[in-house]
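Reader: I am new to reading structures. Please take one part and walk me through it closely.

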Amino acid sequence: MAKIGKTLLKLDNVTMKFGGVTALNGVNLEVKEGEILALIGPNGAGKTTVFNVITGVYKQTSGIVDFDGTSLGSQKRYQVTGLGVARTFQNIRLWGDMTALENVITATDVHKKSGLVGALFGLPRARREEVENRARAMEILRFIGIDEYSDRLAKNLPYGVQRRLEIARALGTSPKLVLLDEPAAGFNPAEKVELAATIKKVRDAGYTVLLIEHDMSLIMGISDRVVVLDFGTKIADDIPSVVQNDPRVIEAYLGVPADAS
Amino acid sequence: MKIRNYWNLRDFGASTWENASRPVRVAIALISIVLVGLLPFMGGSILATPIASFDAVLVYPVGMFVLMSLGLNIVVGKSGMLDLGYVAFFAIGAYTMAILGTTTGLNTWEIMPIGIAFAMTAGVLLGIPTLRLRGDYLAIVTLGFGEIVRLVVLNSSWSKGPNGIANIPMPPNLGPLKFELENQKVFFWVVMAMIMLTIWMIRRLTVRRPGRAWEAIRQDEDAAELMGVPTLKYKIWSFTLGAAVGGAAGVLYASKNLYIAPEMFTLNVSILILACVVFGGIGNIWGVVVGATILGYLPDRIRFISDARLLVFGLVLVIVMNFRPDGLLPRKKREKAIVKKGANA
């Protein structure tokens with residue numbers, strides 16, 4: 001078990017409204033350094049909305065999102081990534097016509113300084129950064145265990161490898177916090193076990209993980225803490241074994257028994 | 001041993017180039033440059049164009065089309081933004097040359113950087129507010145921009161309105177190389193040099209960070225932004241570089257034509273240049289070069305059938321696009337990293 005540290009990400013009373021629909025209603029959430037936090041809830045509970053608010057895709061209607069001492073409210077999406085938040089997508093969104101390696105290299109560019117002029121004239125820094133990026137990207141592919149696919153186009157990769165490449169690409173930005181949006185979607189049980197090991201490995205390498213997932217066995221196996229959302233409201237926040245037996249959680253997932261009402 | 005498909009020119013060319021050693025590459029490049037450079041002397045051969053002089057056709061439309069198509073390809077092919085107002089940058093370059101050339105003592109080479117700077121400035125000014133748009137919306141805005149530039153020069157006194165500007169000076173001689181109206185070989189070599197410079201620039205950028213950023217933007221802009229690519233910045237760069245090439249082409253065009261008028265900068269030019277890019281193979285430098293060469297050259301080669309030539313031109317477009325919907329030489333889709341080993345490109 002990795003050591004759980006200080007609070008890395010804090011959502012303070014975050015509300016997100018789309019017209020008349022309240023997707024998030026005063027959500028408080030804390031992610032601590034070095035933990036795997038699972039975010040669960042029935043469909044439409046607002047899980048992906050939480051990711052979108054954190055990464056700057058949506059601007060929250062009210063509330064504060066604080067990451068490592070910086071308010072994310074006014075940051076552009078690429079600046080949020082630069083601060084150390086990376087994500088994967090529920091629907092795979094790799095750059096299909098790039099190779100696996102290029103996908104990761106493109107992500108590693110975020111912390112590099114050289115720009116267009118350096119590239120054009122082959123300035124030393126640009127050349128050095130190209131070499132560094134390439135080495136770093138290859139290292140990440142090896143870490144995730146898909147380095148044998150490095151020169152294949154992303155769109156031609158097997159589904160499972162594409163999902164893993166999404167994680168590799170997110171790690172390419174050297175994040176402190178990795179947001180994984182249903183990384184096991186469409187996986188068979190064997191692949192899920194393998195993925196659970198990968199996620200643990202990612203955490204043990206020093207990344208903090210916030211995870212959206214539907215597969216309970218996966219979540220109960222790897223997460224340090226589970227937060228449950230229902231209709232945009234947080235209804236539980238505890239260690240997996242407690243959340244599992246929380247009557248409100250069971251109610252949210254299974255509905256209230258007819259005789260109890 | 002793998003059987004090579006010699007009919008697939010793109011992969012054949014690419015694999016030959018990749019397997020070649022450095023001296024072989026240099027030799028191939030030098031021989032090609034010399035061969036292309038000797039083209040203007042082929043005026044007596046089967047390539048000859050009836051009515052128009054052959055070396056004039058090689059400069060305009062062929063050379064200019066290639067140059068502009070390469071510039072537009074940075075915007076449309078590399079970063080996936082549909083620009084229907086590319087002629088505006090060509091016009092800005094041409095009018096810079098015309099006005100400064102007739103009112104100040106500056107010569108073509110001195111005006112060239114000024115024209116490029118004006119075109120790039122226009123690219124940035126147009127880009128900052130509009131490049132947040134995508135696809136069709138961007139196409140409409142750029143189309144509007146192209147028309148605005150044309151209407152401004154048509155209705156302004158400093159541009160002499162619909163009369164246009166005459167007596168634009170020719171470029172001064174480059175040592176023994178003389179610029180003449182009757183003999184446009186030197187113009188052709190200048191265009192060729194500009195084309196090579198543009199190709200060098202695009203190739204440099206493509207294998208490094210800007211190329212990856214453009215590629216990511218083209219394929220999935222939101223994913224690119226969320227993976228830390230400052231998309232607006234790279235889109236503006238792409239737009240501005242395209243503008244620079246268009247502006248440079250415009251300066252040279254005005255200095256070669258000696259006369260320019262607003263009717264030379266209509267939407268048709270933008271569409272035709274876009275057609276060159278799509279016809280040749282959107283996103284592929286060599287495809288664009290081939291496409292622009294054919295589309296520039298063909299109408300003059302078949303000028304003897306006068307009225308029917310545009311019909312033939314249209315038919316060729318339709319037939320080729322039917323059989324090769326991705327263009328003559330489509331963008332590379334080989335399973336090979338565009339990042340070179342050690343990146344010492």
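Author: Here is a close look at the place where two chains meet, followed by one helix. The model is predicted.

Start with the contact. Chain B brings 40 residues to it, and chain A brings 42 residues. Interface size is often given as the accessible area lost when the parts come together. Here the area buried between chain B and chain A is about 3,700 Å². Carbon and sulfur atoms give 60% of that area.

Charges also meet across the interface. The rule finds 6 salt bridges between chain B and chain A. A:Arg77 forms a salt bridge with B:Glu225. Their closest N and O atoms are 4.0 Å apart. Polar contacts join 16 residue pairs across the interface, both residues being at pLDDT 80 or more.

Now take the side of chain B that touches chain A. Helices H7 (185-206), H8 (209-219), H9 (221-226) and H10 (231-257) of chain B each supply at least two residues to this side. H8(B) gives the most, with 8 residues. By type, this side divides into 20 nonpolar, 4 polar and 16 charged residues.

Next, turn to helix H11 of chain B, residues 267-280. Its 14 residues should span 20 Å at 1.5 Å a residue, and its end C-alpha atoms are 20 Å apart, so the two values agree. Several of its residues are buried, among them B:Val269, B:Ile273, B:Leu274 and B:Phe279. What covers the buried residues of H11(B) includes helices H3 (54-78), H4 (87-103), H12 (285-301) and H13 (309-323) of chain B. Just after H11(B) comes B:Gly281, with a positive phi of about 135 degrees.

Note on methods: Residues are numbered from 1 along each chain as its sequence is written. Chains are lettered from A and ligands numbered from 1 in the order in which they are written. This is a predicted model: local features need pLDDT of at least 70, side-chain atom pairs count only at pLDDT 80 or more; totals for chains, interfaces and linings use all residues. Side-chain values use heavy atoms; hydrogens and water are left out. Contact means heavy atoms within 4.5 Å. Buried area is the accessible area (1.4 Å probe) that two parts lose on being put together, summed over both. A salt bridge is a side-chain nitrogen of Lys or Arg within 4 Å of a carboxyl oxygen of Asp or Glu. A polar contact is a pair of N or O atoms within 3.5 Å; within protein, one must be able to donate a hydrogen and the other to accept it, and residues adjacent in sequence count only if both atoms are side-chain atoms. Helices (H or I, at least four residues) and strands (E, at least two) are DSSP runs, numbered from the N terminus. Ala, Val, Leu, Ile, Met, Phe, Trp, Tyr, Cys and Pro count as nonpolar, Asp, Glu, Lys and Arg as charged, and the others, Gly among them, as polar. The expected span of a helix is 1.5 Å times one less than its number of residues. Buried means under 20% relative accessible area, exposed over 50%, partly exposed in between (1.4 Å probe, protein chains only).
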